[in-house]
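Okay, hi everyone. Let me share my screen, and then we'll talk about packing and empty space.

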Amino acid sequence: MDNIKNKEQLESIIQTTEEIRRYFTRVERSASTEIQGIKQEIFEINIRLDEQVRTKNLYNLNNNSRKNVFSPIRTNDSAGDKEDELEENIRKLTEHKEFLEQQLAEAETRLSETQDRMTKLQNAYDSANQLKRSIVLSEADEKERYELSADILRHGEQVLNLFAFEKSYLAAILKKRTLEPMESQQYRLTTLQQMIEVDPERARLLAGEMITRGEKTVSSLKHQLQKLQPTFDEKLPLSRFLDDWITGHRDAHPEYVLSADVQIENEGLVLTYIRGLSLTLLLNIFAENISRHANANQVNLNILADEERLEVNIRDNGIGIPEDHITPWYSGLHKAEGLIFLLGGDLQIKGTKGEGTAVHFSFPTSSN
C-alpha cells in the first residue's frame with residue numbers, strides 16, 4: 001500500500017516537473033529566437049556601417065583631390081554636406097549597434113539563467129524518476145522488464161536528441177559559413193561595381209579578396225555535403241569496402257601510422273545498406289576522435305567478420321581517455337553508442353592516461 005502511495009506522489013511530482021520543463025523549453029526557444037534576431041540585426045548594421053564608411057572614404061578621396069593646397073576651406077560645399085551626413089549616419093548606426101549589443105548581452109544572460117533552471121529541473125526530474133524506479137525495482141516480477149524498457153527509452157531519446165542537435169548544428173554551420181559569406185559577397189559585388197571606375201587598383205584587390213572568400217565558402221559547403229552524404233556502395237563486398245576505407249583514411253591522416261588486419265570468413269560477404277552505412281559512420285566517428293583528441297602516432301585496426309557477426313578493435317598509443325568520455329551528450333561517442341545499440345551490438349571503450357585508448361564494438365552482420 002505504501003509503495004502505491006509513494007508511486008502516486010512521485011508520479012505527481014514528475015508530471016508537475018515535466019510541465020514546468022515544457023514551459024521553460026518554450027521560454028528558451030523564445031530567447032534563442034530573440035538572440036538570433038538581434039544578431040541578424042547587428043549583422044545588417046555592420047554591413048550598413050561598412051557601406052557608409054567606404055562611401056565616406058570615397059568622398060574624402062574626391063574632396064582631397066579638389067582642395068586648394070593654399071586654403072583649408074572646402075571648395076565643394078555639397079560634397080562637404082554629404083560627408084557630414086555620412087558621419088551623422090555612422091554615428092547613429094554605431095549608437096544603435098551598441099544598444100543592440102547591450103540587448104544581446106541581456107538576452108544571453110536570460111537564456112543562461114533559463115538553461116540553469118532547466119538543468120535543475122532536469123536533475124529533479126531524474127531524481128524523482130530514480131526514486132520511482134527504486135520502488136518498481138523492488139517488485140521482482142517487474143525488474144527485468146522495466147530495466148529493458150528504461151534502457152530502450154534512454155537510447156531512443158538519445159537518438160532523437162542527436163538528430164535534433166545535428167539538424168540545428170548543420171543549420172548554424174550553413175548560416176555562418178555559407179549564407180552570411182554569400183550575403184557579404186553580394187554587398188562586395190555592389191561596392192566593386194562602384195569602385196571599378198573610381199579606383200581600379202582597389203577594385204582589383206577587392207576582386208581578389210572576393211575570389212578567396214568564394215573559394216572558402218565553396219569548400220565549406222562541399223565539406224558539409226560530404227558529411228550529409230557519406231558514401232557507401234551496398235553492392236560492394238565488405239572486404240573491398242574496408243580496403244577502400246583504410247586506403248582513403250591513410251591518405252587523409254598522414255600524422256599517424258595506421259596498421260590494419262582484416263579477416264573476413266567469406267570474401268563475398270555484403271552488408272545490408274543500413275549496416276554498411278552505420279559501419280562507415282562508426283569508423284569515421286572513432287577515426288575523427290583519434291585525429292582530434294588522441295595525439296597518437298600509431299593506430300592499430302583489427303576487424304573480424306563472418307556471416308553472423310562483425311567485430312572491430314581500434315587501439316591507439318595516444319594520451320588516453322577520461323572516465324567521463326561519454327559526455328557531452330552531443331559527442332560523436334554518444335552517436336556511436338546509439339548506433340550500436342540500434343544495431344543490436346555492444347560497445348566498450350577503455351583508456352589509461354598516457355597509454356592510449358582501446359575501442360571494441362560489434363554487431364550482427366544481418367538483421368535475422
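So, one term before we start: a nonpolar core here is a set of buried Ala, Val, Leu, Ile, Met, Phe, Trp, Tyr and Cys residues joined through side-chain atoms within 4.5 Å. Buried, in turn, means under 20% relative accessible area. And keep in mind that what you're looking at is a predicted model.

Let's take the largest core. There are 36 residues in it, and the ones that touch the most other members are Leu238, Leu279, Phe286, Val312 and Phe361. Which elements supply at least two residues each? That would be helix 5, strand 1 (257-264), helix 6, strand 2, strand 3 (309-316), helix 7 (332-342) and strand 5 (356-364). Helix 6 gives the most, with eight residues.

If you want one residue to click on, try Leu238. Setting aside neighbours within four places in sequence, Leu238 is in contact with Ile264, Leu269, Leu271, Leu279, Ala305 and Leu310. Leu279, you'll remember, is also on that list of residues touching the most other core members.

Apart from this core there's another one, of 12 residues, including Ile35, Ile90, Ala107 and Leu111.

Okay, now the holes. Rolling a probe the size of a water molecule over the atoms shows where empty space is left. How many cavities of 30 Å³ or more does the structure hold? Three.

The largest cavity has about 100 Å³ of space. Helix 1 (2-66) and helix 3 (140-198) are the elements that give two or more residues to its lining, and helix 3 gives the most, with five. Among the lining residues are Glu51, Arg54, Tyr187, Gln194 and Arg202. By class, that lining is a mix: three nonpolar, four polar and three charged residues.

The second largest cavity has about 60 Å³. Its lining divides into 10 nonpolar residues, one polar and no charged. Trp245, His249, Tyr256, Phe286 and Ile314 are among the residues there. Two or more lining residues come from each of helix 5 (238-252), helix 6 (273-294) and strand 2 (298-305). Helix 6 gives the most again, with four.

And here's where the two topics meet. Phe286 lines the second largest cavity, and Phe286 is also one of the residues touching the most other members of the largest core. Helix 6 likewise turns up twice, as the top contributor to that core and to the lining of the second largest cavity.

That's it from me, happy to scroll around if anyone wants another look.

Conventions: Residues are numbered from 1 along each chain as its sequence is written. This is a predicted model: local features need pLDDT of at least 70, side-chain atom pairs count only at pLDDT 80 or more; totals for chains, interfaces and linings use all residues. Side-chain values use heavy atoms; hydrogens and water are left out. On a 1 Å grid over the protein atoms alone, a cavity is a set of points where a 1.4 Å probe fits but cannot get out, and a pocket is an open set with protein on both sides within 12 Å along at least five of seven lines; lining residues have an atom within 4 Å of a point. Grid points are joined across faces, edges and corners, and a volume is the space filled by probe spheres set on the points. Ala, Val, Leu, Ile, Met, Phe, Trp, Tyr, Cys and Pro count as nonpolar, Asp, Glu, Lys and Arg as charged, and the others, Gly among them, as polar. Buried means under 20% relative accessible area, exposed over 50%, partly exposed in between (1.4 Å probe, protein chains only). Contact means heavy atoms within 4.5 Å.
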